[in-house]
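Let's take a friendly walk through a protein together. Have a look at the sequence and the 3D view below, and then read on.

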Amino acid sequence: MLPESKLSKLSRPALLNEARERRKSPTYAEKRLLKCLGEKRMLGLSFKFQHVYKNDIFDFYSPYLKIVIEVDYSVGGTHLEYYKKRDRRLKRLGIEVMRFRNDIVMDYFDMVKDHIHNQLERTL
């Protein structure tokens with residue numbers, strides 16, 4: 001799997017293939033979130049998993065609310081600057097981003113789930 005910062009250089013077919021590969025082998029944290037976000041389980045909202053949007057792949061995306069939920073290995077160092085720039089670009093497009101580190105999802109799953117639920121409720 002490619003790092004997020006390399007996705008913008010991919011052609012559309014390559015990006016779709018990358019998303020397909022990511023759907024086949026989600027991280028354990030993504031699997032846990034998929035259980036509570038998939039099949040309209042949270043507030044009846046539909047979330048697309050590993051969704052291609054322009055030159056990005058979103059871990060979870062609600063087209064209805066225009067909200068992205070990202071689960072990342074790291075949000076420090078060079079990744080932090082990339083994510084900040086990406087989040088600002090998406091915000092200009094009217095897309096809000098919630099970002100969680102893998103370890104936080106795993107160690108504090110119920111708190112993360114409640115936070116997501118509360119944010120979604122406020123947006124409805």
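Is L43 buried, partly exposed or exposed? L43 counts as partly exposed, because its relative accessibility is 33% and the partly exposed class lies between under 20% for buried and over 50% for exposed. Keep in mind as you read that this is a predicted model.

**Around L43**

You can find L43 in the loop between α2 (28-37) and β1. On the surface, L43 joins Y64 and L124 in a nonpolar patch, and together these residues have about 350 Å² of accessible area. The backbone of L43 also deserves a look: its phi is near 55 degrees, a positive value in a residue other than glycine. Here is some background for that: most residues other than glycine have a negative phi.

**From strand to strand**

Now let's follow the strands. Strand β1 covers residues 48-53 and strand β2 covers residues 56-62; the two run antiparallel and are joined by five bridges. If you look for K48, you will see Y61 of β2 standing opposite. Two residues lie between the strands in the hairpin of β1 and β2, and there K54 takes a positive phi near 55 degrees.

The next partner of β2 is β3, again in an antiparallel arrangement, with three bridges between them. One of the pairs to look for is S62 with its bridge partner I67 in β3. The hairpin of β2 and β3 has four residues between the strands, and K66 is the residue with a positive phi near 55 degrees there.

On to β4, which spans residues 96-101: β3 and strand β4 pair in the parallel sense over six bridges. In this pairing, E70 has R99 in β4 as its bridge partner.

The small table below puts the three pairings side by side.

| Strand pair | Direction | Bridges |
|---|---|---|
| β1 and β2 | antiparallel | five bridges |
| β2 and β3 | antiparallel | three bridges |
| β3 and β4 | parallel | six bridges |

**A strand in the interior**

Why is strand β3 described as largely enclosed by the rest of the structure? Six of the six residues of β3 (residues 67-72) are buried, so the strand is largely enclosed by the rest of the structure. A general point helps you picture this: in a regular strand the side chains alternate between the two faces of the sheet. In β3 both faces are covered, with I67, I69 and V71 buried on one side and V68, E70 and D72 buried on the other.

The start of the chain makes a good contrast to look at. M1 is found in the segment before α1 (12-24), and M1 is exposed, with a relative accessible area of 65%. M1 and E70 are 69 residues apart along the chain, and their C-alpha atoms are separated by 16 Å.

**Charged side chains**

How many salt bridges does a search of the whole structure find? The search finds ten. Among them is the one between R89 and D56, where the closest N and O atoms are 3.1 Å apart. R89 lies in helix α3 and D56 in strand β2, so this pair ties together parts that are 33 residues apart in sequence. The two partners sit in different surroundings: R89 is partly exposed, with a relative accessible area of 32%, whereas D56 is buried, with a relative accessible area of 2%.

Another salt bridge brings together the side chains of K91 and E96, at 3.0 Å from N to O. E96 counts as partly exposed, at 40% relative accessibility. D103 and R101 meet in a salt bridge too, at 2.8 Å from N to O. Both of these partners are partly exposed: the relative accessible area is 33% for D103 and 34% for R101. Elsewhere, salt bridges that share partners join D56, E70, R86 and R89 into one network.

Finally, turn to a group of positive charges. K84, K85, R88 and R92 form a positive surface patch. R88 has its place in helix α3 (residues 77-92), and R88 is partly exposed, with a relative accessible area of 45%.

Technical notes. Residues are numbered from 1 along each chain as its sequence is written. This is a predicted model: local features need pLDDT of at least 70, side-chain atom pairs count only at pLDDT 80 or more; totals for chains, interfaces and linings use all residues. Side-chain values use heavy atoms; hydrogens and water are left out. Patches are made of residues with over 30% relative accessible area and no salt bridge: like charges are joined within 9 Å, nonpolar side chains (Val, Leu, Ile, Met, Phe, Trp, Tyr) within 5 Å. Accessible areas come from the Shrake-Rupley method with a 1.4 Å probe; for residues, only the protein chains shown count as cover. A salt bridge is a side-chain nitrogen of Lys or Arg within 4 Å of a carboxyl oxygen of Asp or Glu. Lys and Arg count as positive and Asp and Glu as negative; His and the chain ends are not counted. The place of a charge is taken as NZ of Lys, CZ of Arg, CG of Asp or CD of Glu. Buried means under 20% relative accessible area, exposed over 50%, partly exposed in between (1.4 Å probe, protein chains only). Two strands pair if DSSP finds at least two bridges between them.
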